[in-house]
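The exercises below concern one predicted model. Work through each task with the coordinates open before reading its solution.

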Amino acid sequence: MTSRERVRLAIQHREPDRVPLDLGATPVTGIAASTYAKLRQALGFVPTPVKVWEPFQILAEVELEVLQKLGVDVIGLNSPVTMFGYRNENWKPWKLFDGTEVLVGEKFVVREDEKGDILIYPQGDTSVPPSGRLPKGGFYFDAIIRQQPIDEAHLDPQEFAEQYTLYTDEDLEYFQRTVDQLYYNTDLSIVGGFWQGGFGDIAQVPGPGLKHPKGIRDPQEWYIAHVTHPNYIYEIFAIQCEVALENLKLYYQAVGDKIDVIVVSGTDFGAQHAAFISPDMYRQLYKPFHQQLNDWIHANTPWKVFFHSCGSVVDFLDDFIDAGVDILNPVQCSAAGMDPMWLKENYGDKLVFWGGGVDTQKTLPFGTPDQVRQEVADRIRIFAPGGGFVFNTIHNIQQGTPVENLLAMYETVKERGQYPIVNN
């Protein structure tokens, strides 16, 4: 069975020959650049600088030879434009705090401040204030809040929504050229990184790729505005949705049926112990727009809709399904109410679980290889029967994760992921 066939069966809630595996297809199923460098060396590849394709989280581009070595079944069709507004092109060398040599795009422009923090500039433009900060010794960039004084009596949704734009011809040519390369030169299932249904995605609210962000950009004030200025939030989403619908049509013209999955939203609705907002607020402000996008996808394409939402999202699952969500990621089993057995029993026929394979907060970075093997085997035993499961860690593999734990994870997926799943 080819990888493409394997994934297509799994996302149709049918059992393929083995559990499909993802590594690096999206910026929420990836691996930190320094950890990837160690992994590829442990797999026997000659050390070489790693490409950082997603600079906000400093994620590695996982090469085809590594995907093949590990038996990975999916690959991403992601935007060439990064979170900081520059394009991944004309690669140049850079070095992480731990000494890992990497490659970054030409307009990855940074400077070190007096504390040793690294500041990055939107679109590589040093004439404007920096939009991200990598704390000294840190693992990711944090958005720098550049909110201008707000006149709450005259909030203009259109000002905020200036960041939502139609795809350019250059973008569409890239998607068409790249999807053809991936489709015809590999047998991997292709995941389209669309993301434009991420209404209120808090990583995007500060506008890290914008030179002059306008409107409410402070995350704390943004969440408060859901209560104090709900019409402002709703109207921003309405503008975003209108642009996203047009871009969906353009995207489909460019990639057609060559992709199997489209990532629509990365908005986190859950924290560790509870939801961020109430289900009623979700239904009022978010669900109408999720439904519009997902309805268009299901009416016009064969794609499955992928939603990423961290934390305790159990209160939203019925609404997600009603809004047309097919695939849930990262399946954070450690969060309140997210017990894997309960999720499989109650939602296994309605949602594909893409993730949930092992805890990246505790077990994978801090457990022993045997503890990793046990948790991976348990999650496969729970999630895999009947299909509807693509193995991935719970969110990205973090910097500092021991290579021996990664090898234990991938060995266990290979050993225990064969159908029929052994129940011990």
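**Exercise 1. Locate the bend in helix H8 (residues 279-300) and describe the surroundings of the helix.**

Solution.
Step 1. Helix H8 bends by about 55° at Tyr 286.
Step 2. Look further along the sequence from the bend: a proline, Pro 288, follows within four residues.
Step 3. Apply the burial cut-off, under 20% relative accessible area. The buried residues of H8 are Met 281, Tyr 282, Leu 285, Tyr 286, Lys 287, Phe 289, His 290, Leu 293, Asn 294, Trp 296 and Ile 297. The bend residue, Tyr 286, is thus listed among the buried ones.
Step 4. The cover over these buried residues includes helices H6 (219-228), H7 and H9 (317-322), together with strands S11 (261-265) and S12 (304-308).

**Exercise 2. Find how many cavities of 30 Å³ or more the structure holds, and characterise the largest and the second largest.**

Solution.
Step 1. There are 3 cavities of 30 Å³ or more.
Step 2. The largest cavity contains about 50 Å³ of space. Its lining includes Phe 160, Tyr 164, Asp 201, Trp 222 and Gln 240. Helix H7 (residues 230-255) supplies the largest share of that lining, 3 residues.
Step 3. Sorted by class, the lining of the largest cavity has 6 nonpolar, 5 polar and 1 charged residues.
Step 4. The second largest cavity has a volume of about 40 Å³. Tyr 286 is one of its lining residues, as are Tyr 223, His 226 and Asp 268. Its lining divides into 5 nonpolar, 3 polar and 1 charged residues.
Step 5. Compare the two lists: Gly 200 lines the largest cavity and also lines the second largest cavity.

**Exercise 3. Describe the second largest pocket by volume, lining and class.**

Solution.
Step 1. About 670 Å³ of space lies in this pocket. Among its 28 lining residues, Glu 61, Gly 76, Asn 78, Tyr 174 and Thr 178 are the closest to its centre.
Step 2. At least two lining residues come from each of strand S1, helix H3 (64-70), strand S3 (74-77) and helix H5 (169-185). H5 gives the largest share, 7 residues.
Step 3. The class count for the pocket lining is 13 nonpolar, 7 polar and 8 charged residues.

**Exercise 4. Which partners does the side chain of Gln 57 reach?**

Solution.
Step 1. Gln 57 sits in the loop between strand S1 (50-54) and strand S2 (59-60).
Step 2. Its side chain reaches the backbone oxygen of Pro 27 at 2.9 Å, and makes a polar contact with the side chain of Asn 396 (2.9 Å).
Step 3. Leaving aside neighbours within four places in sequence, Gln 57 is also in contact with Phe 139, Tyr 140 and His 395, among others.

Technical notes
Residues numbered from 1 in each chain as written. Predicted model: local features only at pLDDT ≥ 70, side-chain atom pairs only at ≥ 80, totals over all residues. Heavy atoms only, no water. 1 Å grid on protein atoms, 1.4 Å probe; cavity = no way out; pocket = protein on both sides within 12 Å on 5 of 7 lines; lining within 4 Å. Points joined across faces, edges and corners; volume = space filled by probe spheres on them. Nonpolar A, V, L, I, M, F, W, Y, C, P; charged D, E, K, R; others polar. Polar contact = N/O pair within 3.5 Å; in protein donor to acceptor, adjacent residues only side chain to side chain. Contact = heavy atoms within 4.5 Å. Bend = angle between axes of the 7 residues up to and from the residue. Buried < 20%, exposed > 50% of the residue type's maximum accessible area, 1.4 Å probe, protein only.
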